[in-house]
Amino acid sequence: MNDHRDVPVGDEAGEVRRFWGRLGLPGLVDVHTHFMPERVLRKVWDYFDSLGPLTGGLEWPITYRKEEAERTALLREFGVRAFTSLLYPHKPAMARWLNDWAADFARRTPDCLHTATLYPEPGVEAYVEEAVEAGARVFKAHVQVGAYDPADELLQSAWGLPAEARIPVVIHCGSGPAPGKHTGPEPIARVLARHPRLPLIVAHMGMPEYEEFLGLAERYGEVRLDTTAAFTDFAEGFMPFPRRALPRLAGLGDRILLGSDFPNIPYPYIHQLHALERLDLGEDWLRAVCHDNAAGLFGV
Ligand SMILES: [Zn+2]
């Protein structure tokens with residue numbers, strides 16, 4: 001026998017490839033993956049190991065605790081055509097250094113979208129502008145880890161730059177898995193009131209404030225949401241997506257983007273894909289979410 005059933009049990013890459021192959025896609029685009037300077041990533045892993053506040057006290061065994069080269073190789077084996085190296089500072093005077101690293105990573109990793117980040121601090125507008133000029137294609141902001149108000153005055157002109165250049169900003173702003181001082185839909189609504197064209201990608205579907213963030217996407221045409229961890233057994237166990245909101249999820253099918261949080265996930269990558277499939281929103285919806293929406297947005 002020489003058909004697809006020959007793939008050995010446990011061959012996760014084969015399973016992932018069959019998933020998108022069945023849909024007739026050329027692969028996946030994953031807008032929410034993490035690559036970082038090695039010592040920063042080790043700190044993130046230590047944080048998950050020690051059940052830091054962001055984990056909400058949950059056991060969080062990292063599935064893909066591998067060397068950087070193995071992690072990029074694995075995404076390629078999965079058939080992820082484009083991904084990101086989302087980085088975020090937790091304190092001032094860190095963003096510029098992270099941006100330099102991310103620019104270098106993108107140079108040596110052609111399938112990684114050039115990523116940048118920002119923090120409310122003097123000089124933020126200058127380094128965001130530098131990142132835009134250097135070719136950044138996606139920004140990341142982490143309201144919970146950074147513990148800042150995204151509507152902070154220091155960020156107002158900085159937000160104008162990606163808004164004008166139409167560069168998407170993946171923003172962790174929901175209160176999951178644990179709330180922060182400035183998480184939730186309200187601070188982001190204030191940002192959007194001032195920058196209605198800002199192309200935000202709300203990470204984790206805005207978990208657990210799913211419906212409020214769907215509302216922002218319905219109101220603002222440039223607001224999108226990424227699926228990261230949403231709908232998985234893990235997230236459903238403590239922050240379930242409300243079934244009554246499924247029709248709204250279907251209605252926003254052109255603005256939902258596959259995200260995974262690879263490598264920092266406590267389950268195999270394929271589970272995120274199966275979690276989307278079992279929503280039963282149809283193959284057109286899956287094709288758009290797993291590939292076409294992000295491929296169009298980033299031109300890949
Ligand atoms: Zn993440």
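Tutor: A residue is buried if 20 or more other C-beta atoms lie within 10 Å of its own. The model here is predicted.

Student: What makes β2 largely enclosed by the rest of the structure?

Tutor: Four of its five residues meet that cut-off for burial, so β2 is largely enclosed. Across the chain, buried residues make up 44% of the 300 residues.

Student: Why are β1 and β2 called a pair?

Tutor: Pairing requires that DSSP finds at least two bridges between the strands. Two bridges join β1 to β2, so the requirement is met. The two strands run parallel, and V29 stands opposite A82 in β2.

Student: How do you know that β2 and β3 pair?

Tutor: The cut-off is again at least two bridges, and β2 (residues 80-84) and β3 have two, in the parallel sense. In β3, C112 stands opposite F83, and L113 is the bridge partner of T84.

Student: Why are β1 and β3 called edge strands?

Tutor: The open sheet has three strands in the order β1-β2-β3. Strands β1 (28-29) and β3 (112-113) each pair on one side only.

Student: What does the secondary structure of the chain come to, and what makes the chain as compact as a globular protein of that length?

Tutor: There are 13 helices and nine strands. The globule rule gives 19 Å for 300 residues and the radius of gyration is 18 Å, close to that value, so the chain is as compact as a globular protein of that length. Its C-alpha trace spans about 65 × 40 × 40 Å along the principal axes.

Methods
Residues numbered from 1 in each chain as written. Predicted model: local features only at pLDDT ≥ 70, side-chain atom pairs only at ≥ 80, totals over all residues. Rg over C-alpha atoms; globule rule 2.2 N^0.38 Å. Buried ≥ 20, exposed ≤ 12 C-beta atoms within 10 Å, placed from the backbone.
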